[in-house]
Amino acid sequence: MAVIKRKKKSADAKIPTASMADIAFLLLVFFMVTTVFKVDSGIDLQLPLAEKVEKLQRKNLAIVWINDQGKVAIEDKFVPMEFVSNLMDQKMFETNGELIVEIKADKTARYGAVDAVFEELKASGALRVVLGANVESGGR
Amino acid sequence: MLRKSRLKVQEDIPDSSMADIAFLLLIFFMVTTGFFNDKGLSIMLPGEAQGSAKIPKQNLCKIFINSAGNIYVDDQPMQELTTISNYVESRMKENDKLVVIIKTDVNARYEWMLSIFDEMKKIGMKKISLQVNKKR
């Protein structure tokens with residue numbers, strides 16, 4: 001009996017957990033560094049599809065959301081169309097004129113709404129515009 | 001006696017829960033992290049001061065999208081995006097000063113205009129003018 005017990009004890013292996021905390025902290029630091037808390041969670045919409053898209057930089061970016069009814073939202077607040085140029089004037093000032101505006105419009109939105117936003121942007125001098133789109137899944 | 005008391009004083013910092021704490025924070029950051037990967041088609045709007053320069057008619061290619069989604073290229077109805085891009089590409093080869101005008105009805109879907117715009121980008125057309133048809 002005693003012999004058998006001894007054998008079992010020697011075979012008892014442990015998973016080394018000493019480095020577990022190190023691994024966890026490594027991942028933690030990675031996520032802390034890459035985290036950018038979302039300020040603009042946006043409104044519910046479906047972006048149109050396109051193929052020739054470019055990646056956007058977060059720097060100096062303002063996003064104008066247009067939903068399927070043609071309503072405009074900036075930074076999670078719906079704003080009347082006439083106020084867009086005021087807000088963009090302010091953003092242009094904040095970014096020292098290097099503002100890039102991304103228009104995220106629903107694919108079923110009327111083109112008239114998008115054009116009205118273009119006019120507002122022209123009025124405030126924010127001429128660098130990106131039309132937000134999703135990548136076509138088939139055409140790549 | 002002395003040795004014994006010394007041994008008693010020696011204590012460890014409890015680190016068995018360290019991994020748990022780290023994982024808790026890790027999960028928090030993983031959940032709150034939103035990677036930014038917006039993509040889009042960039043355009044440059046014309047400035048207000050810029051006067052509208054007259055472009056000779058032979059350098060123009062008009063694409064009209066009406067409210068029903070019908071597309072007319074140089075007044076000919078075309079439905080397939082590939083035929084449109086082939087047509088514009090052939091005109092582009094003939095004339096390197098070609099300017100494409102995309103005229104969209106206010107009630108047309110944004111999606112239609114964007115798909116045409118995407119086609120123009122694909123064939124390398126840089127000179128695109130966006131216009132809108134406000135007439136009913």
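Visitor: Before we look at the sheet, when do two strands pair?

Guide: Happy to start there, with the reminder that this is a predicted model. Two strands pair if DSSP finds, between them, at least two bridges.

Visitor: Thanks! In what order do the strands of the open sheet run?

Guide: The sheet has seven strands, and their pairing is mixed. Its edge strands, each pairing on one side only, are E2 (54-55) and E5 (77-79) of chain A. From one edge to the other, the order is E2(A)-E1(B)-E7(A)-E6(A)-E3(A)-E4(A)-E5(A).

Visitor: Which residue is the bridge partner of Glu54(A) in E1(B)?

Guide: E2(A) pairs with strand E1 of chain B, residues 39-44, in the antiparallel sense, over two bridges. On the E7(A) side, Gly132(A) stands opposite a glycine of E1(B), Gly40(B). For Glu54(A), too, the bridge partner in E1(B) is Gly40(B).

Visitor: And how many bridges join E7(A) to E1(B)?

Guide: In the strand order, E1(B) sits between E2(A) and E7(A). Strand E7 of chain A covers residues 128-132, and it runs antiparallel to E1(B). The number of bridges joining them is five.

Visitor: Let's turn to a helix over the sheet: at about what angle does H3(A) run to E3(A)?

Guide: Helix H3 of chain A, residues 84-94, lies across four strands of its chain: E3 (61-66), E4 (72-74), E5 and E6 (100-105). Relative to E3(A), its direction is at about 165°.

Visitor: Are H2(A) and H2(B) roughly parallel or roughly antiparallel?

Guide: H2 of chain A (residues 20-34) packs on H2 of chain B (residues 18-32) with the axes 8 Å apart and an angle of about 25° between them. Angles under 35 degrees count as roughly parallel. The two helices are therefore roughly parallel.

Visitor: How many residues of the contact of H2(A) with H2(B) are nonpolar?

Guide: Among the residues of H2(A) that take part are Phe25(A), Leu28(A) and Phe31(A), while those of H2(B) include Phe23(B), Leu26(B) and Phe29(B). The contact has no polar and no charged residues. Its nonpolar residues number 16.

Visitor: Finally, which element gives the largest share of the side of chain B that touches chain A?

Guide: Here 38 residues of chain B are in contact with 44 residues of chain A. H2, E1, E5 (99-105) and H4 (110-122) of chain B each supply at least two residues of that side. By class, the side of chain B has 19 nonpolar, nine polar and ten charged residues. The largest share, nine residues, comes from H2(B).

How values were computed: Residues numbered from 1 in each chain as written. Chains lettered and ligands numbered in written order. Predicted model: local features only at pLDDT ≥ 70, side-chain atom pairs only at ≥ 80, totals over all residues. Contact = placed C-beta atoms within 7 Å. Axes fitted to C-alpha atoms, helices over the stretch in contact; angles between N-to-C directions. Parallel < 35°, antiparallel > 145°, perpendicular 65-115°, else oblique. Nonpolar A, V, L, I, M, F, W, Y, C, P; charged D, E, K, R; others polar.
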